[in-house]
Amino acid sequence: MSRPLDFFSQQSGTLVADGVVLEKLVESIGTPVYVYSASAFRESIRALKKHLDGVNFLICYAMKANSNLSLLRLLALEGAGADVVSGGELYRAKKAGIAPSQVVFSGVGKTDSEIAEALCSGEDGIFSFNVESAEELEVISSIAKREKKQARIALRFNPDVDPKTHPYISTGLRKNKFGIDRSEIFSLIKDIRKFENISIQGISIHIGSQLLSLSPLKQAFEMLSNLAFEVEALQKKPLLYLDVGGGVGVSYSKEKPLNLKQYCQLLHKQFGKNSAHRGRHRILLEPGRLLSANSGILITRVLFRKKRKQKDFLIVDAGMNDLMRPSLYGSHHEIIPLRNTRSSPPLRKTDIVGPVCESADCFATGRPMSSNIKRGDLLAILSAGAYGFTMAGNYNSRPRPPEILLDQGRIEVIRERESYEDLMRGEKV
Ligand code: LLP
């Protein structure tokens, strides 16, 4: 599983990715800027596919991690479908050329119009809805009837397993809003004839994100497997697929990431040809972070150094509006100078902060950084490819940064920097 500097490396004292010297790139594009490595995305999905060889699987990339059209196209070329959680994501997926027959729709709060859009996408609607409640099932049924469509669905199972991750991104516990518990799944199956135009084809789970231990996944997969057999016995009809969600954790610093091979071995063992399932069920995966986190960085420029007795502040031109993870979850991102002469001692306890008028606008607290770093220097905030740009906003009327894709020495602006006009689009002036 990827580490922060797997695809970005120091060469001749400066940070390089996909054959491009990033300092050079920034000269023309400015800062802050998101930079992605195409080879990182490709290698990440290829590694996953390689380890799943022999399993009947479909990768539905969790677009919420990073939904830039060019990246979706890149992943689609590698055979990925999409896991969407809104009409906007569905629209993007289709624009990027992902076939609706490769799309699953997750999320606890699908609106009527989003459901109709999904049912009426392509020839035969999307691959499946991951249904989160009895009421949602009723609504999908009535909209499908109205639209004269058949809705394929999976029930999302809440296994009440602790994923041992940050509470904000834990989703598989009973106290979380996600999924349906076992007993309710059985009563829905018993009553399924009440729901017209619905065909139950699978069971899905997703217990949380940034999981660093296999054991909660193992527990959840076993529960999913048992439930699938019980559901089949009850409805006297086979299920076609099992959706194991996403959640595979990557390394943001020195923590040990989940081992991809072991994760895939678990899937082989639990659902593969030699398991009780005999490879009968197609396995859907919804990786987001795994493919994107260490495939991108955010480059920012130091505006000022502010000296205090206890520590210094480096005030940079990226803010919490550009990368929200540290402010929202207290999450750690490695931050390194683009030029490694700026990494030399003496080190000084440093807070790396943005310009936004909130004390939460902070990328690192008390981080030992070289005291040689000064105004004008460039810093790379690593592992920013997942939940970076997609969670960015315009707070403090700050235009969102551009996104650049590097591919074998080629530089492509895959999203332009927002302008002041963009900030006011749709607003009465
Ligand atoms: N499937 C479902 C149903 C999900 O809710 C999620 C993530 C995924 C798949 C993808 O999970 P991944 O493979 O990326 O762990 N903003 C947070 C993460 C939120 C995750 C929400 N759901 C962060 O920056 O850490």
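**Helix packing and a closed barrel**

Helix H5 passes helix H6 in a right-handed crossing. This comes from a predicted model. H5 covers residues 112-119 and H6 covers residues 134-146; their axes come within 10 Å and cross at roughly 55°. That value is neither under 35 degrees nor within 65 to 115, and it is not over 145, so H5 counts as oblique to H6.

As for who does the touching, H5 brings Asp112, Ile115, Ala116 and Leu119 to the contact, while H6 answers with Val139, Ile140, Ile143, Ala144 and Arg146. Sorted by character, the residues of this H5 and H6 contact come out as 7 nonpolar and 2 charged, with no polar ones. The charged pair is Asp112 on the H5 side and Arg146 on the H6 side.

Then there is the sheet. Here 8 strands close into a barrel, with parallel pairing, and going round it the order reads S5-S6-S7-S8-S9-S10-S11-S12. Neighbouring strands of this sheet are turned against each other by 30° on average, ignoring direction. Strands S5 (residues 57-62) and S12 (residues 282-285) run parallel and are joined by 3 bridges. Across this pairing, Leu58 of S5 stands opposite Leu284 of S12.

A helix also packs on the sheet: H8, made of residues 214-235, touches strand S10 (198-204) as well as strand S11 (241-243). The direction of H8 makes about 155° with that of S10. Since angles over 145 degrees count as roughly antiparallel, H8 runs roughly antiparallel to S10.

Note on methods. Residues are numbered from 1 along each chain as its sequence is written. This is a predicted model: local features need pLDDT of at least 70, side-chain atom pairs count only at pLDDT 80 or more; totals for chains, interfaces and linings use all residues. Side-chain values use heavy atoms; hydrogens and water are left out. Two strands pair if DSSP finds at least two bridges between them. Helices (H or I, at least four residues) and strands (E, at least two) are DSSP runs, numbered from the N terminus. Axes are lines fitted to C-alpha atoms, for helices over the stretch in contact, and angles run from 0 to 180 degrees between N-to-C directions. Contact means heavy atoms within 4.5 Å. A crossing is left-handed if the near helix is turned anticlockwise from the far one by less than a right angle, and right-handed if clockwise.
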